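Q: Could you take a close look at one part of this model for me, the aromatic side chains and the strands around them? I'd like one connected walk through it.

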Amino acid sequence: MIGSARCEFRIYDARSLKEKRAVLQRILTRLKQKYNVAAGEMDFQDAWQRTLVEVVTVASSRAAAERELQRAILFLDSFPEWERLETNIEWL
């Protein structure tokens with residue numbers, strides 16, 4: 001089972017694309033190290049206070065994939081630098 005979560009975030013303290021990418025790179029690197037997921041910025045590359053992050057995981061069952069995605073989303077929510085605005089989850 002493949003699970004995909006697309007999360008839109010607002011980055012509050014970013015004043016430039018350079019600051020946004022520094023925050024994004026730090027968070028995504030830690031996410032990939034801690035959980036069995038792949039993640040990357042999928043949209044708003046030229047907007048300095050918004051980003052769309054997609055997190056994808058593969059597991060033998062939907063329950064295992066859903067657990068991993070939920071843990072990854074909770075981890076992303078733990079950072080005070082940004083706020084999650086919208087989330088869409090898809091199953092393949």
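A: Let's start a little to the side of the rings, with Ala 14, which is found in the loop between strand 1 and helix 1. Keep in mind that this is a predicted model. Ala 14 counts as buried because its relative accessible area is 2%, and the cut-off for buried is under 20%. From Ala 14 to Lys 32 you move 18 residues along the sequence and 22 Å through space, C-alpha to C-alpha.

Now for the rings. The count comes to 3 aromatic pairs. Take Phe 9 and Trp 82: the ring centres are 3.9 Å apart and the planes sit at 15°, so this pair is stacked. It ties together distant parts of the chain, since Phe 9 belongs to strand 1 (residues 2-11) and Trp 82 to strand 4, with the two positions 73 residues apart. How buried or exposed are these two partners? Phe 9 has a relative accessible area of 0%, so it is buried. Trp 82 comes in at 5%, so it counts as buried too.

Then there is Tyr 35 with Phe 75. Here the centres are 5.6 Å apart and the planes make an angle of 65°; the cut-off for edge-to-face is over 60 degrees, so that is what this pair is. Again distant parts of the chain are linked: Tyr 35 is in the loop between helix 1 (17-34) and strand 2 (38-43), while Phe 75 is in helix 2 (residues 62-77), 40 residues apart. Tyr 35 and Phe 75 are both buried. Add Phe 79 and you have one aromatic cluster made of Tyr 35, Phe 75 and Phe 79.

Phe 44 brings in a charge. Arg 50 lies over the face of the Phe 44 ring, at 3.9 Å from its centre. Phe 44 itself is in the loop between strand 2 and strand 3. Those two strands form a hairpin with 6 residues between them. Have a look at the backbone there: Phe 44 has a positive phi of about 65°, although it is not a glycine. As for Arg 50, it is found in strand 3. With a relative accessible area of 31%, Arg 50 is partly exposed, because that class runs between 20% and 50%. Arg 50 and Pro 80 are 30 residues apart in sequence and 15 Å apart in space, C-alpha to C-alpha.

That leads to the strands. Strand 2 and strand 3 pair in the antiparallel sense over 5 bridges, and Asp 43 stands opposite Leu 52 of strand 3. Strand 3 (residues 50-58) also pairs with strand 1, again antiparallel, over 9 bridges. In strand 3, Val 58 is the residue that stands opposite Ile 2.

Follow Ile 2 and Val 58 and you end up on the surface. Together with Leu 92 they form a nonpolar patch there, with about 300 Å² of accessible area between the three of them. Leu 92 is in the segment after strand 4 (82-91). Its relative accessible area is 67%, so Leu 92 is exposed.

To pull the threads together: strand 1 carries buried Phe 9, and Ile 2 faces Val 58 across the pairing with strand 3. Strand 3 in turn holds Arg 50, the residue over the face of Phe 44.

Methods. Residues are numbered from 1 along each chain as its sequence is written. This is a predicted model: local features need pLDDT of at least 70, side-chain atom pairs count only at pLDDT 80 or more; totals for chains, interfaces and linings use all residues. Side-chain values use heavy atoms; hydrogens and water are left out. Patches are made of residues with over 30% relative accessible area and no salt bridge: like charges are joined within 9 Å, nonpolar side chains (Val, Leu, Ile, Met, Phe, Trp, Tyr) within 5 Å. Accessible areas come from the Shrake-Rupley method with a 1.4 Å probe; for residues, only the protein chains shown count as cover. A salt bridge is a side-chain nitrogen of Lys or Arg within 4 Å of a carboxyl oxygen of Asp or Glu. Helices (H or I, at least four residues) and strands (E, at least two) are DSSP runs, numbered from the N terminus. Buried means under 20% relative accessible area, exposed over 50%, partly exposed in between (1.4 Å probe, protein chains only). Rings of Phe, Tyr and Trp (its six-membered ring) pair if their centres lie within 6.5 Å; planes under 30 degrees apart count as stacked, over 60 as edge-to-face and the rest as tilted. A charge sits over a ring if NZ of Lys or CZ of Arg is within 6 Å of the ring centre and within 35 degrees of the ring normal. Two strands pair if DSSP finds at least two bridges between them.
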